[in-house]
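Trainee: Could you walk me through reading helix packing and internal spaces in a model like this one?
Mentor: Gladly; let's look at it together.

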Amino acid sequence: MRASQASPGAASLQSAVTALFFLWGGITSLNDVLLPKLKSVFVLSYAEAMLVQFAFFAAYALVSVPAGRLLARLGFGRGIVIGLVVMALGCLLFLPAAVYAVYAVFLLALFVLAAGITILQVAANPLIAGLGSAASSHSRLTLAQAFNSLGTTLLPLLGAQLLLGGEHDAGGAAATQLIGRSYLGIATLLLLMAVGFWWVRGRLASSLMAEPMLGGASWRLLARPRLGLGVLAMFLYVGAEVAIGSLLVNFLMQPDTLALDERRAGSAIALYWGGAMLGRFAGAALLRRIAPGVALAAVALGAGALALVAAFASGPPAAWALLSIGLMNAIMFPTIFSLAVEGLGARVAQGSGLLCMAIVGGAIVPVAVGALADAAGLAASLLIPALCYGGIAAYGLLARPMPAPPGLAADAGAGAS
């Protein structure tokens, strides 16, 4: 894929793909509202409630690499359609989960939904990075991620009003059926979008496949230091971001924090994701002037410091410190991604698959955080995200041109990463 040879219709294609970023961002952030509701309905511990995130983000570990190979075989357009259809199937599974009120079926539905999102992410991230010059790929991907954050800001507001507090406090079957109906509406939207992308699948292929993507094994690409360390950094980033978002409602409801009711605490999630949105719009411009690795290290150190403040302070300072981490998170995903895939050439889909596989950090880190919260309290559990941000800062400082191991450069694409 030659990023500098975008077609005249690249702008319209970029807009269509950016809509996917908005969509999956909003759906993913609904987990932060769904988790405290299911915790209440099924009377779960923090560790048990975090299985919502485990089921969702485990899909990235199992589906990402096969998704890269699927795209290499079928192309971006068909891959996006498949991803949307799988997402719709996951949403439809919420209906039997709601009827029978079985927690395990909710977890299955979340896994299938996330499997579809995984396919979309493996396709959409390299698509956005490739729709323009290579020099501006960091900025372009950050801008697309800003619209992702717009979705994560708006949908939790809607979800909190719909699912938390008020007349929905009764819980039980009424609460689960409301969840089922909500996800049925999302399934309808996803199927309509799948039809739209089916019509433009040929334009995606002709615009972005100037070089054929290569299939075959992906694991050897981890020997490239920039990609291998980028996969680790992505694991830490998503794990920390998801863990904090999952704890926010309960953290803000604590008497020694803000003592908010459930609905107001759920609405406050929008501030966390809204900070990421504003930071990404600003970051799209700043990354044209600041070295991406330096910027990544700076915001990761800032996020780690804020997590420590939230862990050791109380009252409004602790609350605002935790909410402000969203702003620090803003450029992390797109910057890690674009740094890691530089120089992969025709292997970009497979590299994208490995990076999306690392999003399984959102399954593992939150469960560890939940277990520590059960044992030592919510404040102490924030030490784990703080450590994650320290690792991300190290990657930012190390991210510089690294030579590929002997014999890999020709296989993985032109140039060192």
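Trainee: Which residues in H10 meet which residues in H14?
Mentor: First, the ground rules. This is a predicted model, where local features need pLDDT of at least 70, side-chain atom pairs count only at pLDDT 80 or more, and totals for chains, interfaces and linings use all residues. Residues are numbered from 1 along each chain as its sequence is written, and side-chain values use heavy atoms, with hydrogens and water left out. Now your contact (heavy atoms within 4.5 Å): from H10 come Arg226, Leu227, Gly230, Ala233, Met234 and Tyr237, and they meet Met332, Phe333, Ile336, Phe337, Leu339 and Ala340 in H14. These contact residues divide into 10 nonpolar, one polar and one charged. Here Ala, Val, Leu, Ile, Met, Phe, Trp, Tyr, Cys and Pro count as nonpolar, Asp, Glu, Lys and Arg as charged, and the others, Gly among them, as polar.

Trainee: How do I describe the packing itself?
Mentor: Two packed helices are described by the angle between their axes and the distance between the axes. Axes are lines fitted to C-alpha atoms, for helices over the stretch in contact, with angles from 0 to 180 degrees between N-to-C directions. The axes of H10 and H14 (residues 332–341) come within 8 Å and cross at roughly 165°. H10 is therefore roughly antiparallel to H14, a label for angles over 145 degrees. Their crossing is left-handed, meaning that the near helix is turned anticlockwise from the far one by less than a right angle.

Trainee: How many cavities of 30 Å³ or more does the structure hold?
Mentor: A cavity is a set of points on a 1 Å grid over the protein atoms alone where a 1.4 Å probe fits but cannot get out; a pocket is an open set with protein on both sides within 12 Å along at least five of seven lines, and lining residues have an atom within 4 Å of a point. The structure holds one such cavity, with about 290 Å³ of space. Its lining has 22 residues, and Thr28, Gln121, Asn148, Glu241 and Trp273 lie nearest the centre. H1 gives the largest share, six residues. By type, the lining divides into nine nonpolar, 10 polar and three charged.

Trainee: What lines the second largest pocket?
Mentor: Its lining residues include Leu30, Leu155, Gly159, Ser182, Tyr183 and Ile186. H7 supplies the largest share, five residues. The pocket's volume is about 190 Å³, and its lining divides into seven nonpolar, two polar and no charged.

Methods:
Points joined across faces, edges and corners; volume = space filled by probe spheres on them. Helix = DSSP H or I, 4+ residues; strand = E, 2+ residues; numbered from the N terminus. Parallel < 35°, antiparallel > 145°, perpendicular 65-115°, else oblique.
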